[in-house]
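Here are my notes on the model you sent. Please read them with the structure open.

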Amino acid sequence: MSDLSFFLCAWARNNRWANHRLLQACVELDAVAFTARRTSFFPSIKATLNHILTVDWYYVDAMERALQGRVPNESAAAFFEPAEPFDRCPGLAQAQEAVDQRLLAVCEALDDARLRLMVDVPRSAGICPERMDRLLAHLFQHQIHHRGQVHAMLAGTDVAPPQLDEFFCASDRSLRADDLTALGWDEAGLWKR
């Protein structure tokens with residue numbers, strides 16, 4: 001595994017962990033707080049979390065197809081129909097966990113050649129090829145951007161926003177022990193090659 005592949009796997013694990021932390025907080029919200037209109041790019045916690053999920057479905061599908069040598073998904077627009085497939089957070093959290101696991105599997109399958117693989121991304125104007133490494137960087141940035149928005153919106157609720165700005169620093173080991181247990185991980189596995 002190349003250094004970049006290793007680093008992208010670490011990002012995928014961190015992405016899974018951050019989503020776990022954020023969604024564990026959001027499942028504590030009642031239906032009113034989950035759907036309440038708030039100030040952000042999307043007008044609610046519900047809308048923002050659903051957007052993160054549908055975009056993940058879209059890009060992870062394209063990456064999986066590229067790795068498998070399959071044609072682009074002709075029905076990729078269906079990932080966004082409806083725009084908010086989940087009305088409640090528990091079901092959304094399960095779906096996010098599943099796609100996070102798929103994203104981690106994509107990253108674990110990478111080597112130098114596959115990092116340069118062109119991924120055919122279906123867009124409304126046609127197929128737009130993107131390099132795998134760039135597409136992964138884009139997807140991680142997308143996640144961070146919108147998780148930050150949900151984090152800020154949570155600050156206006158009775159549920160405390162979880163800490164999300166860590167990246168597996170050794171000094172924070174004790175702060176993530178319960179999360180790692182819930183994810184079925186251990187410290188050694190965070191940095192496995």
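The numbered points below take up the core, one helix, the main pocket and two single residues.

1. Status of the model. This is a predicted model, and the points that follow should be read as comments on a prediction.

2. The core. The largest nonpolar core has 53 residues. Two or more residues each come from α1, α2, α3, α4, β1 (118-123), α6 and α7 (173-183). Of these elements, α3 gives the most, with 13 residues. The residues with the most contacts inside the core are Cys26, Ile45, Leu49, Met63 and Leu136.

3. Cys26. Residues up to four places away in sequence aside, Cys26 touches Ile45, Leu49, Cys89, Val150 and Leu154. Ile45 and Leu49 also appear, with Cys26 itself, in the list of core residues with the most contacts.

4. Helix α4. Does the length of this helix agree or disagree with what its residue count predicts? Helix α4 covers residues 89-108, and at 1.5 Å a residue its 20 residues should span 28 Å. The end C-alpha atoms are 28 Å apart, so the two values agree.

5. Packing of α4. The buried residues of α4 are Cys89, Leu92, Ala93, Ala95, Gln96, Val99, Asp100, Leu103, Leu104, Val106 and Cys107. Gln96 and Asp100 are thus among the buried residues, a point to check on the display. As background, an α-helix has 3.6 residues a turn, so residues three or four places apart point the same way. The buried residues of α4 pack against α1 (3-26), α2 (31-35), α3 (45-68) and α6.

6. The largest pocket. Its volume is about 160 Å³. The lining consists of Trp11, Asn14, Ala18, Ile144, Arg147, Gly148, Leu164, Asp165, Glu166 and Phe167. By type, five of the lining residues are nonpolar, two polar and three charged. Helices α1 and α6 each supply at least two of them.

7. Ala137. This residue sits in helix α6 (residues 132-154). Is Ala137 buried or partly exposed? Ala137 has a relative accessible area of 44%, and since buried means under 20% and exposed over 50%, it counts as partly exposed. Ala137 and Trp11 are 126 residues apart along the chain, yet their C-alpha atoms are separated by 9.2 Å. Trp11 is also one of the residues that line the largest pocket.

8. Glu130. Strand β2 (residues 126-131) holds Glu130, which is partly exposed at a relative accessible area of 30%. Beyond its neighbours within four places in sequence, Glu130 is in contact with Leu117, Met118, Val119, Val121 and Leu135. Asp120 is ten residues from Glu130 in sequence, and the C-alpha atoms of the pair are 6.5 Å apart.

Technical notes. Residues numbered from 1 in each chain as written. Predicted model: local features only at pLDDT ≥ 70, side-chain atom pairs only at ≥ 80, totals over all residues. Heavy atoms only, no water. Helix = DSSP H or I, 4+ residues; strand = E, 2+ residues; numbered from the N terminus. Buried < 20%, exposed > 50% of the residue type's maximum accessible area, 1.4 Å probe, protein only. Expected span 1.5 Å × (residues − 1). Contact = heavy atoms within 4.5 Å. Core = buried A, V, L, I, M, F, W, Y, C linked by side-chain atoms within 4.5 Å. 1 Å grid on protein atoms, 1.4 Å probe; cavity = no way out; pocket = protein on both sides within 12 Å on 5 of 7 lines; lining within 4 Å. Points joined across faces, edges and corners; volume = space filled by probe spheres on them. Nonpolar A, V, L, I, M, F, W, Y, C, P; charged D, E, K, R; others polar.
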